[in-house]
Amino acid sequence: MSRANPTEFAILGLLSKAPSSGYDIKREVEERLSHFWSESYGHIYPMLRRLHEKGLVETHLERQSGKPDRKVYEITPAGRDALEAWFAEPPAPQRPRNEILLRLFLGRHANPEFLIRDVRAQRERFEEARARLAAVQERIGAERDPHPDRLYWELTLSYGLDAFEALIRWGRETEARLKELPGEKASENP
């Protein structure tokens, strides 16, 4: 199986937990993975079809009273083998795309007020995301019966919390440095 598309492995990993519909997979991505992974319905369903064509998942219809039938996907033994092979390989390098950093790099051509506004808005989004992760960490820590995936959830949460803390600190420092520019016209709003 080609390593070109990690979405296939994200879906296989989610299906290894339990059979799910495309809607269930999207909800799981939004509720549990969104701080480090995102997928749209427009990407999930073609991937599910591709995984089915490759024999890595199988499907069945789940009858529902008063609602349309649900198409449920389940990982096959070949899908588990592919997922295991994916874990055996190191992750592919990723090239980040960060518009804030692009704007700062070219910032000499901008009104510093705009840069401060953008950095501040991003820092505030990071603060909100950090608060959401801290709430999840608190919920997981309060669970009496440890889930077998708890350690792995805690590790990803720790990464997210540490990363957001560093990005928030960077945002504050960057705002302060931009405000020190000669002839700075930016407002002093926090």
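Entry 1, the pocket lining. I looked up which element gives the most to the lining of the largest pocket, and found that α7 does, with 9 residues. I am reading a predicted model, in which local features need pLDDT of at least 70 and side-chain atom pairs count only at pLDDT 80 or more, while totals for chains, interfaces and linings use all residues. Residues are numbered from 1 along each chain as its sequence is written, and side-chain values use heavy atoms, with hydrogens and water left out.

I noted that a pocket is an open set of points on a 1 Å grid over the protein atoms alone, where a 1.4 Å probe fits, with protein on both sides within 12 Å along at least five of seven lines, and that lining residues have an atom within 4 Å of a point. The largest pocket has a volume (the space filled by probe spheres set on the points) of about 2100 Å³. Its lining has 49 residues, and L33, H35, F36, W37 and T156 are the closest to the centre.

Entry 2, helix α3. I then turned to α3, a helix (a DSSP run of H or I, at least four residues) that covers residues 41–53. Which residues of α3 are buried (under 20% relative accessible area, 1.4 Å probe, protein chains only)? I found I44, M47, L48 and L51. Seen down the axis of α3, these fall within an arc of 105° (taken from the directions from the helix axis to the C-beta atoms), so they line one face of the helix. On the other side, G42 and E53 are exposed, where exposed means over 50%. After α3 I came to G55, whose phi is positive, near 80°.

Conventions: The expected span of a helix is 1.5 Å times one less than its number of residues.
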